[in-house]
Amino acid sequence: MRVLRLLGVSASLGAVALLLAGVFCAPAHAKSDNARAQDGVVAKDARLAGDRERTRFIADLSKKVDVHVYPLGNPYRVIVDAADVSFQMPRGIGTKQRGLVTAFRYGLFAPGKSRIVLDVGGPFLIDKSFVLEPRDDQPARLVIDLVPTDEKTFQAKLNEAREARGGAVPLPPPQVPARPANAKPIVVLDPGHGGVDPGAKSTNGVLEKEVVLKFAKLLKEKLLATGRYEVHMTRDDDTFLPLKQRVAFAQEKAAGLFLSIHADYFPTEIDNKPHGATVYTLSEQASDEEARALAAKENFSDAIAGVELPEESDEVVANILIDLAQRETKNRSVLFARSIVGELAAKGTLHDRRMRSAGFRVLKAPDVPSVLLELGFLSNAHDEKQLTSEAWRNRMADSVTAAIDGYFKKRVARSPF
Ligand SMILES: [Zn+2]
């Protein structure tokens, strides 16, 4: 019963529930999925049942698996973690609300660790969660029952569950390696989202996480081909990475430049839908409302993937900005942003408001010049076509390579802080 109590599951579950509690996982790598499916667990479908009084989430599995089910708050979520589950769910599921659950998603959270995240509309209790053995023609099933509760009870359960997990593990401060002065500048490319967090999605189902990964891989190739840079990627497959870890990665690598790559979605009914690339830098105050909204959306990535958000809020940006090193970092970030805009302006693929700023968490390394590039809008049919075209990808990667060249040609970019 220990596990049950840890998970905040009702103790009156009976024998079936005793079998529960494990970890559910699925790799989102397309390649390894088939191989894994041979002996691993496959999640084939999932659905919601019930109403606001009791909402049931059911996932069909190829066989039984251990899952770890727990609540998270702010926003309200249920997290289901497991190992070695590959998701082969029908595309497009999880977008419709039913009962207490407003949406759900799934994917790789970290290597060897898969995750399902249920978004819940208000305070709730995990009344039951268990995994059933396959029986007759029924597959193995993961079942989670949610019931509504008041905020106070929810918070109490949340604390219980957090204690059981040992609390959020703080990241160790990055160890920055010493490098010879004449070493090649290090560029860190950061394809946004990944795994359980798909990012934006076009109406045709094109996923931001896939578009940006493809682009980053090509850009890396082109940068390496110049022979002038050492290049690292925060992710090179369909794995999720929390924003803080992306920042820490750049610091650990002693990056001279950090480029986070995204593709925006801006739903609008107007004919002249926003299009083209936009370059963002970090700022305490957003340059405009759209930039603020976009930063909020991008910063939500951790919440989407079920990462427990730190208590610190956006005031941190304000504090960091006071720091002198950060001011220098900011100057260089703007310099690099201008370099990209300069290159892209010549190719005519820029958004009307090409250079903007807001409080992006992923740009917060105090000692690494950081820029976020939105390649284009998945909400714009023309952009979508470009974003998925190899010819366009090539041209765009050439432009960004030229922008990086342009930046590092400046003496200030190469001088120490
Ligand atoms: Zn994004």
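Select Leu219 in this predicted model and display its surroundings: leaving aside residues up to four places away in sequence, Leu219 touches Leu189, Leu259, Ile261, Ala397, Val400 and Thr401. Leu219 is also among the residues with the most contacts inside the largest nonpolar core, a set of 41 residues, where it is listed with Leu259, Ile340, Leu373, Leu375 and Ile404. To see which parts of the chain build this core, colour the elements that give two or more residues to it, namely S10, H5, strand S11 (230-233), strand S12 (257-264), strand S13 (277-282), helix H10 (324-347), strand S15 (370-377) and helix H12 (390-409). A second core, separate from this one, has 31 residues and includes Val65, Ile116, Val131 and Phe154. In soluble globular proteins, nonpolar side chains tend to be buried together.

Next, select H5 along its whole length. Its 19 residues should span 27 Å at 1.5 Å a residue, and the C-alpha atoms at its ends are indeed 27 Å apart. The buried residues of H5 include Val211, Val212, Leu213, Phe215, Ala216, Leu218, Leu219 and Leu223, and the list also takes in Glu208, Lys209 and Lys222. Just beyond the helix, pick Gly227, which follows H5 and has a positive phi, near 75 degrees.

From Glu208, move to the zinc ion. Its protein donors are His193 through NE2, Glu208 through OE, His262 through ND1 and Glu298, which is listed with OE twice, and they lie 2.0 to 2.3 Å from the ion. Along the chain, these donors follow the spacing H-x14-E-x53-H-x35-E. Showing His193 and Glu298 as a pair brings out a link between distant parts of the chain, since His193 sits in the loop between strand S10 (186-191) and helix H5 (208-226), while Glu298 belongs to helix H7 (residues 289-299), 105 residues apart. Both His193 and Glu298 are buried.

Stay with H7 and select Ala291, Leu294, Ala295, Glu298 and Asn299, which are buried. These residues cover an arc of only 130 degrees around the axis, and therefore lie on the same side of H7. At the N-terminal end of H7, Asp288 acts as a cap, with a side-chain oxygen 3.2 Å from the backbone nitrogen of Glu290.

Now turn to helix H4 (residues 151-165), whose 15 residues reach 21 Å from the first C-alpha to the last, close to the 21 Å expected at 1.5 Å a residue. Select Phe154, Leu158 and Ala161, the residues to look at for its buried side; because they cover an arc of only 70 degrees around the axis, they are on the same side of H4. Phe154 also returns you to the second core, in which it is included. Rotate the view to the face of H4 turned away from the buried side, and you will find the exposed residues Lys152 and Glu163. The N-terminal end of H4 is capped by Asp150, a side-chain oxygen of which lies 3.1 Å from the backbone nitrogen of Lys152, and the helix is followed by Gly166, whose phi is positive, near 85 degrees.

For a stop in a strand, select Val85 in S5 (residues 77-87). Val85 is buried, with a relative accessible area of 0%, and its C-alpha lies 9.0 Å from that of Leu108, a residue 23 positions apart from it in sequence.

Finally, show the whole chain, which has 13 helices and 15 strands. Of its 417 residues, 51% are buried, and among contacts with a separation of 6 or more, 77% join residues 24 or more positions apart.

Key: Residues are numbered from 1 along each chain as its sequence is written. This is a predicted model: local features need pLDDT of at least 70, side-chain atom pairs count only at pLDDT 80 or more; totals for chains, interfaces and linings use all residues. Side-chain values use heavy atoms; hydrogens and water are left out. Helices (H or I, at least four residues) and strands (E, at least two) are DSSP runs, numbered from the N terminus. Buried means under 20% relative accessible area, exposed over 50%, partly exposed in between (1.4 Å probe, protein chains only). Donors are N, O and S atoms within 2.8 Å of the metal (3.2 Å for Na, K and Ca); water is not among the atoms, so sites may look incomplete. A nonpolar core is a set of buried Ala, Val, Leu, Ile, Met, Phe, Trp, Tyr and Cys residues joined through side-chain atoms within 4.5 Å. Contact means heavy atoms within 4.5 Å. The arc is that of the directions from the helix axis to the C-beta atoms. A polar contact is a pair of N or O atoms within 3.5 Å; within protein, one must be able to donate a hydrogen and the other to accept it, and residues adjacent in sequence count only if both atoms are side-chain atoms. The expected span of a helix is 1.5 Å times one less than its number of residues.
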